[in-house]
Amino acid sequence: MEEQQEIQEHYDLPPMNMTEYKQKRDSCRQKIASKYDILGFISSGTYGRVYKAKSKLKDDNKEYAIKKFKPDKEGEAATYIGISQSACREIALCRELHHENIVGLEEVLLEDKSIHMVFEYAEHDLLQIIGFHSHPERKFMSEYTIKSFLWQLLNGVAYLHANWVMHRDLKPANILVTANGVVKVGDLGLARLFYKPLQPLFNGDKVVVTIWYRAPELLLGSRHYTKAIDIWAIGCIFAELITLRPIFKGEEAKVENKKTVPFQKNQLQKIFDILGNPTKERWPTIDQQPEYPNLASFRQTPNVLRSLYQQWPIKSEQGCNLLAAMLEYDPLKRITAEEALNHPYFQEDPKPGLDSFAGQPVEFPLRRITNEDKDMRATANAQKAHPVPTVKDDRLTKRPRVDA
Amino acid sequence: MAANFWTSSHCTHWILDRRRVEDAMKEDLEYIDIDTLTKIKMWYYNIIGKIGKRLQFRQQVVATAIVYFKRFYTKNSIRSTDPSLVAATCIYLACKIEECPQHIKHIIQEMKHALVNLGGFDYDTFKVAEFEFYLLEELEFYLIVYHPYRDLTLIAKDLKLEESNLQTAWFVLNDSYRTDVCLFYAPHMIALAALYIICVVHAEQYNDNNNNGGGGGSGHSVISGGSSNTMDDSGLLGHNSIHLAQLNSPNSAANKTPGAGGGAGGAGGGQNTPTTSSSSTEGHGINNRNMVQWFADLNVDIEEIIEITQEILSLYTIWKDYEEEHVPAMMQALKMYSEPTTPQSQIMQ
């Protein structure tokens, strides 16, 4: 410090403060409450909270989901410690990506020391839809709906992959569906560009993909995984759409310390129980996987995918072929998104459509939103300029489907 | 996007009109002249480069940080902001976007070190993190930046360009970040201009002292004028920069290898790259007639390549009398006086 002062005196530099600059910028920043009515709180996660909102513009009838990233520190006084890597990624990628089957980012707003990403609103997601079909008793989805979901999901992911983006966290909760039955791949917080990465992918994030949807190469510790991990996850989702149960419902081994990634034996066992043990024949480079030595401890099981599939409600053989191609052990042999879109399964009737719900008698519940949250609501109320319409606590009301 | 520059935000939102950049400089130019302003900015680019070198970033990270810095100053004046805070925040954000996150404290520490000669760096974690919001806003949340290095590598492969020439072109690209070409032109055009400089302008200059090349007057005079070593240590992006003496002896610039894909060895060089290794006057080894033809056959706007070339070459003119020690006085001139004064007299006092 002393040294610095000396130099400052030496050059006699004026103090450079940014107060004026900041005031200028702050004064022209639009308040969220002046642009959107917050209709209610949707959900929260490690990243922050999501709210349903409506534009105040008269000619904009669309609804939006505002994802508010947690201020850097929880507690009384929010402060700044820098925007999280995941928020940075999501902003950077969503700003570039424009596709019918990728959730659209309307704008990014800064307020209250937090990032707010304003996305197009999607009434449903696959987790909620699967849940709705499973309770109170299981009623399977129509093949048309499943196939439309799957095709659109692949279509969005093929676009990501063509743009060198890996999603890395595909699971039913992240696959959104609009009220019009259009799939929107969401939550790109783990997504990454993989064109000539400056860092091996492994170095950034030790663990990617929720355990049930995690590809075998990840479970075996592969450091140089590829976009094929997304296809594995889609295979798992496809099976789950058919049966309404996760196909590989393993139990996650807990992380004991941050430096080592635990071996996920139970999850691998669930996979082997259905697909049989992976062999060098099926996966020639399997012996290069870091966890390969651990495979000796597994009992030998046969591949029963096809016989299992025959007990499922979808009878198409091509459907089974596609599923098997997505659940291929060897990432190099696994089908790509682009190839999957051209798979014979999609040429068969029923052909997939743009409205996955078309002609279906099912009435899905609306996304539940609540008033409990104090955060954004409090802000909105404090403004008082535009009263927010009251939203009933329980919006699990059914709504007649309108099919175009 | 990543696969397609033409649909990227870089192409659709951040290839700018010159007027916008000129407008942003107006306030500063009331206090100092344009060359001085260029030198001040150059000083900050050097700081970003030095920190990148110390923290061992890849060139792309430094290049992204510099592009953020430039984009910020297409909307603000240096006078009304603190470029050291802007530079630190640009580095911090670029590291995250280029997937090599650094702790904010590291960057602050490095800034303090780098700014020892210019008033130090008085911002803490909170201030830098707070400023990140303003920076994001100024960047309009468009964060993915394209760089010409990848294009250069691809073209070099296609041309079977000699390794040493590829490296020289790489250094020209490093230098190009000291100009504003990345705000006005698509990366592949900048890559082509770098090739044009080493393969046509330079070669022609070398073979023909009558200066008939496409590089324009200033460029040629600089090339033949050749020397000033003041920049040796502050090469952008952590490399010794190409300067004019090096342009005249290509092998001396080749002391580092460009990172990825430098595989365009001389083996298949054939007609494009006859003998290069000899150090004598025959040396440069680019058959520039072939290169001129190659450029002529390209389906791109050759005028634009020449514009970029001129802009890069004119940088070397300014660079020649850039002295790091003078920068504090320049900053003082820019910051001290609340009333605009005659620029020259104040700086040169």
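Two residues are in contact here if their C-beta atoms, placed from the backbone, lie within 7 Å. The model is predicted.

**The two chains**

The table sets chain A beside chain B.

| Property | Chain A | Chain B |
|---|---|---|
| Helices and strands | 14 helices and ten strands | 18 helices and zero strands |
| Buried residues | 39% of the 404 residues | 49% of the 349 residues |
| Contacts at a separation of 6 or more that join residues at least 24 apart | 67% of contacts | 76% of contacts |

**A residue in chain B**

Start with B:Ala94. Helix H5 (residues 83-97) of chain B holds this residue. Which residues does B:Ala94 contact, leaving aside its neighbours within four places in sequence? They are B:Val61, B:Thr64, B:Ala65 and B:Tyr68. B:Val61 lies 33 residues away from B:Ala94 along the chain. Yet the C-alpha atoms of the two are separated by 6.0 Å.

Is B:Ala94 buried or exposed? A residue counts as buried if 20 or more other C-beta atoms lie within 10 Å of its own. B:Ala94 has 26 other C-beta atoms within 10 Å, so B:Ala94 is buried.

**The two domains of chain B**

The domain assignment splits chain B into domain 1 (15-145) and domain 2 (148-320). Between them, 23 residues of domain 1 of chain B are in contact with 14 residues of domain 2 of chain B.

Which helices supply at least two residues each to the side of domain 1 of chain B that touches domain 2 of chain B? They are helix H2 (18-29), helix H3 (34-54) and helix H4 (59-72) of chain B. H3(B) gives the most to this side of domain 1, with ten residues. By residue type, the side of domain 1 of chain B that touches domain 2 of chain B holds nine nonpolar, seven polar and seven charged residues.

**A sheet in chain A**

Now turn to chain A. Five of its strands form an open sheet. Their order is E1-E2-E3-E5-E4, and the pairing is antiparallel. Strand E1 (36-44) and strand E4 (105-111) of chain A are the edge strands. Each of these two pairs on one side only. On average, neighbouring strands of the sheet are turned by 25 degrees against each other, direction ignored. Strands of a sheet pair through backbone hydrogen bonds.

Strand E5 (residues 114-120) of chain A pairs with strand E3 (residues 63-69) of chain A. These two strands run antiparallel and are joined by five bridges. Within E5(A), A:Val118 stands opposite A:Ile66.

E5(A) is also joined to E4(A), by six bridges. This pair runs antiparallel too. A:Leu105 has A:Phe119 in E5(A) as its bridge partner. How many residues lie between E4(A) and E5(A) in their hairpin? There are two. A:Asp112, in the turn, has a positive phi of about 60 degrees.

**A helix in chain A**

Helix H4 (residues 85-96) of chain A has twelve residues. From first C-alpha to last, H4(A) reaches 17 Å. That is close to the 16 Å expected at 1.5 Å a residue.

Why is H4(A) largely enclosed by the rest of the structure? Ten of its twelve residues are buried, so the rest of the structure largely encloses the helix. The buried residues of H4(A) include A:Ala87, A:Ile91, A:Ala92 and A:Leu93. Also among them are A:Arg89, A:Glu90, A:Arg95 and A:Glu96. The list further includes A:Cys88 and A:Cys94.

Definitions and conventions
Residues numbered from 1 in each chain as written. Chains lettered and ligands numbered in written order. Predicted model: local features only at pLDDT ≥ 70, side-chain atom pairs only at ≥ 80, totals over all residues. Domains from an automatic or database assignment. Helix = DSSP H or I, 4+ residues; strand = E, 2+ residues; numbered from the N terminus. Nonpolar A, V, L, I, M, F, W, Y, C, P; charged D, E, K, R; others polar. Pairing = 2+ DSSP bridges. Axes fitted to C-alpha atoms, helices over the stretch in contact; angles between N-to-C directions. Expected span 1.5 Å × (residues − 1).
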